[in-house]
Amino acid sequence: ERKQLGGGDLYLRGDQIVLAPTFIAVGDDLVARDRRAPVLFSIPAGTLKPGRYQVTLLGQQSSRTWPLEVR
């Protein structure tokens, strides 16, 4: 509750995409938003070539992985 999402980095190698979120501290009298709130990562058009990818979102205790098809 003392940190909030401040951005992230995208790493691409072959068909593997890794999203590494970065966090920033919130003020002493503030609380970060609900942990279940949706977050949008935007990837600029043309960054990914058409094909199938495996995406991994890194987490402190666990990570999430899912397939992605770019047309």
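Here is a short chat about how the labels on this structure are earned.

User: Before we start, what kind of model is this, and how are residues numbered?

Analyst: It's a predicted model, where local features need pLDDT of at least 70, side-chain atom pairs count only at pLDDT 80 or more, and totals for chains, interfaces and linings use all residues. Residues are numbered from 1 along each chain as its sequence is written, and side-chain values use heavy atoms, with hydrogens and water left out.

User: How do you know which helices and strands there are?

Analyst: They're DSSP runs numbered from the N terminus: helices are H or I with at least four residues, strands are E with at least two. That gives zero helices and four strands, in the order β-β-β-β from the N terminus. Strand β3 covers residues 51–57 and holds T56, while strand β4 covers residues 64–70 and holds E69.

User: Why is T56 called buried?

Analyst: Buried means under 20% relative accessible area, exposed means over 50%, and partly exposed is in between (1.4 Å probe, protein chains only). T56 has 16% relative accessibility, so it counts as buried. Across the protein, buried residues make up 14% of the 71 residues.

User: What makes T56 and T65 a polar contact?

Analyst: The term needs a pair of N or O atoms within 3.5 Å; within protein, one must be able to donate a hydrogen and the other to accept it, and residues adjacent in sequence count only if both atoms are side-chain atoms. The side chains of T56 and T65 make theirs at 3.4 Å.

User: And what does T56 contact, leaving aside its neighbours within four places in sequence?

Analyst: Contact means heavy atoms within 4.5 Å. With those neighbours left aside, T56 touches I17, V18, L19, S63, R64 and T65.

User: What makes a set of residues the largest nonpolar core here?

Analyst: A nonpolar core is a set of buried Ala, Val, Leu, Ile, Met, Phe, Trp, Tyr and Cys residues joined through side-chain atoms within 4.5 Å. The largest one has six residues: I17, L19, L48, Y53, V55 and V70. The elements giving two or more residues to this core are β2 (16–25) and β3. In soluble globular proteins, nonpolar side chains tend to be buried together.

User: How do you know that R52 and E69 form a salt bridge?

Analyst: The rule asks for a side-chain nitrogen of Lys or Arg within 4 Å of a carboxyl oxygen of Asp or Glu. R52 and E69 come in at 3.8 Å, N to O, so by that rule they pass. The pair links distant parts of the chain, with R52 in strand β3 and E69 in strand β4, 17 residues apart. Their C-alpha atoms are 4.5 Å apart in space.

User: What else does E69 pair with in a salt bridge?

Analyst: R71, with the closest N and O atoms 3.9 Å apart. A search of the whole structure finds two salt bridges, and R52, E69 and R71 are linked in a network of them. Side chains of opposite charge can pair when their charged atoms come close.

User: Why are R52, E69 and R71 labelled as they are for exposure?

Analyst: R52 has 65% relative accessibility, so it counts as exposed. R71 is at 83%, so it is exposed too. E69 sits at 43%, so it counts as partly exposed.
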